[in-house]
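Student: Could you take me through one part of this protein up close? I'd like to see what the backbone and the charged side chains are doing there.

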Amino acid sequence: MLTSIVGINWGDEGKGRMVDLLSESQDIVVRYQGGNNAGHTVINDRGKFVLNLLPSAILREDKINVMGNGMVVDIEHLCKEIAKLREGGIRITPDNLKISDKAVVCCPYNVAQDCLEEDRLADRKFGSTRRGIAPIYADKYMKKAIRMGDILHPEYLKARLEGIVEWKNLTIKGAYGAKEYKVEDLLAWFDMYGTPLKEYICDTGYFLNKALDEGKRVMLEAQLGALRDIDFGIYPYTTSSSTITAYGPVGAGIPNRKVDNAIGVMKAYSTCVGEGPFTVEMFGEEAQKLRIAGGEFGAATGRPRRVGGFDVVASGYGCMVQAADEIALTKLDILDGMESIPVCVAYDINGDRTEEFPSGEALNIAKPIYTYLDGWRCSTANCRTYEDLPENARKYIEFIEQAVGCNIKYISVGAERDAIIVK
Ligand code: GDP
């Protein structure tokens, strides 16, 4: 059985929390794309954990976690993330963590290149997280990346690095005039942060295929949401990888498998980190109230997130491109205090009304068309059944369920593991 958990919006929908919850019934959880450019925040009985690279089920004792070939791995960051979790009492061994030999390594020169380019762009910047993600994905497709499996073959690694570093310095030093990278320094970096990871590196594709053949339950965990997908998102303000369900089996290393159940995680309102079109953006006091209520500050970067009301156009599109079978609606409780809740039901583009999510310049100039639903003005934090919810909260849920055209099965009303309603 293959399940995916994916984001319907711009990311930060609370996927980490849903994987943490739903992984209980899974055997294996796989991250299939991205790197340490985003973070999941998970709160459970052992404390609060921020995960950037590790799959969220690392916090559960008896689950196997896989970092798939679609990922880009900053091994220094990974070693530090593992060390931090171990300090918090989390057990991480080759039995519960497996890293694909085909995942590529995000190197210090990729991070440097990312920063140099953002600095060059200055106020024209795209809002990169400066973690080297775009440069390493570019290197991957240029076939000039080191793969995790290369760490197991030091002579090969050295030979590959020599060629790549010579080429990379043409950019770092030649184009940006920054300090060039030396192969011996990078080999020392690989020695320091690659060596401890050696025992985790394997062919995770064969591992997952065998597990599925044996009837194991595997869950694919996405980072970021549909609107950040490199093809279907708000390009160029997207991430550099495919965040969608259809890519999941490819990035996990099981391209021969179909996803049986795609769970889309969708937020009860909208948030967006960084630059780019965000049609429903709120400003001023109203925005700050929502931002603070929702704790909307980036998990990886601490940046304040842009916030707004629920966007039916964007979310309906998100459900479509994610092929969502069911929805987990998160952070409903954040709307508890609102008197009247804005919901964007269509866009106005040059005077024409549309319910289809546009791209490019049409999206840039789109204006939101709102409808307002009555708030419930009481706490939902202790609701545990659908019937416990105030009537207006149920009306709100049913309205957006119908508008996006996908069944809302889970509703979360708090960050804790049990603050969930199954409808
Ligand atoms: P992710 O990257 O999609 O996992 O999203 P974030 O890292 O932004 O996680 C969402 C944040 O909201 C985390 O701090 C969660 O603990 C918290 N959270 C998730 N679901 C809920 C909810 O239903 N209510 C509240 N109040 N907080 C939630």
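**A loop, an odd backbone angle and some charged pairs**

Tutor: Let's start in the loop between strand 18 (367-374) and helix 12 (391-404), where you'll find Arg377. Keep in mind that this is a predicted model. Phi of Arg377 is near 50 degrees, so a positive value in a residue that isn't glycine. That deserves a second look, because most residues other than glycine have a negative phi. Arg377 is also exposed, with a relative accessible area of 52%, and the cut-off for that word is over 50%.

Now hop to Lys331, which also has a positive phi, near 60 degrees. Lys331 sits in the loop between strand 15 (326-330) and strand 16 (340-349). Its relative accessibility is 22%, so Lys331 counts as partly exposed.

Lys331 leads us to the charged pairs. In general, side chains of opposite charge can pair when their charged atoms come close. One such pair here is Arg305 with Glu296, a salt bridge at 2.7 Å from N to O. Both Arg305 and Glu296 are buried. Salt bridges with shared partners link Arg305 and Glu296 with Asp12, Lys267 and our Lys331 in one network.

How many salt bridges are there in total? The count comes to 26. Let's look at a couple of others. Lys168 pairs with Asp139, and their closest N and O atoms are 2.9 Å apart. Lys168 belongs to helix 5 (residues 154-175) and Asp139 to helix 4 (residues 133-141), so this pair ties together parts that are 29 residues apart in sequence. Lys168 is buried at 3% relative accessible area, and Asp139 is buried too, at 2%.

Then there's Lys80 with Glu76, whose closest N and O atoms are 2.8 Å apart. Here both partners lie in helix 2 (residues 75-87), four residues apart, which is about one turn of the helix. Lys80 is partly exposed, with a relative accessible area of 46%, and Glu76 is partly exposed as well, at 24%.

One last backbone stop: a cis peptide bond joins Tyr235 and Pro236, with omega at about 5 degrees. That one stands out because most peptide bonds are trans. Pro236 is in the loop between strand 10 (218-225) and helix 8 (248-252).

Note on methods: Residues are numbered from 1 along each chain as its sequence is written. This is a predicted model: local features need pLDDT of at least 70, side-chain atom pairs count only at pLDDT 80 or more; totals for chains, interfaces and linings use all residues. Side-chain values use heavy atoms; hydrogens and water are left out. Helices (H or I, at least four residues) and strands (E, at least two) are DSSP runs, numbered from the N terminus. Buried means under 20% relative accessible area, exposed over 50%, partly exposed in between (1.4 Å probe, protein chains only). A salt bridge is a side-chain nitrogen of Lys or Arg within 4 Å of a carboxyl oxygen of Asp or Glu.
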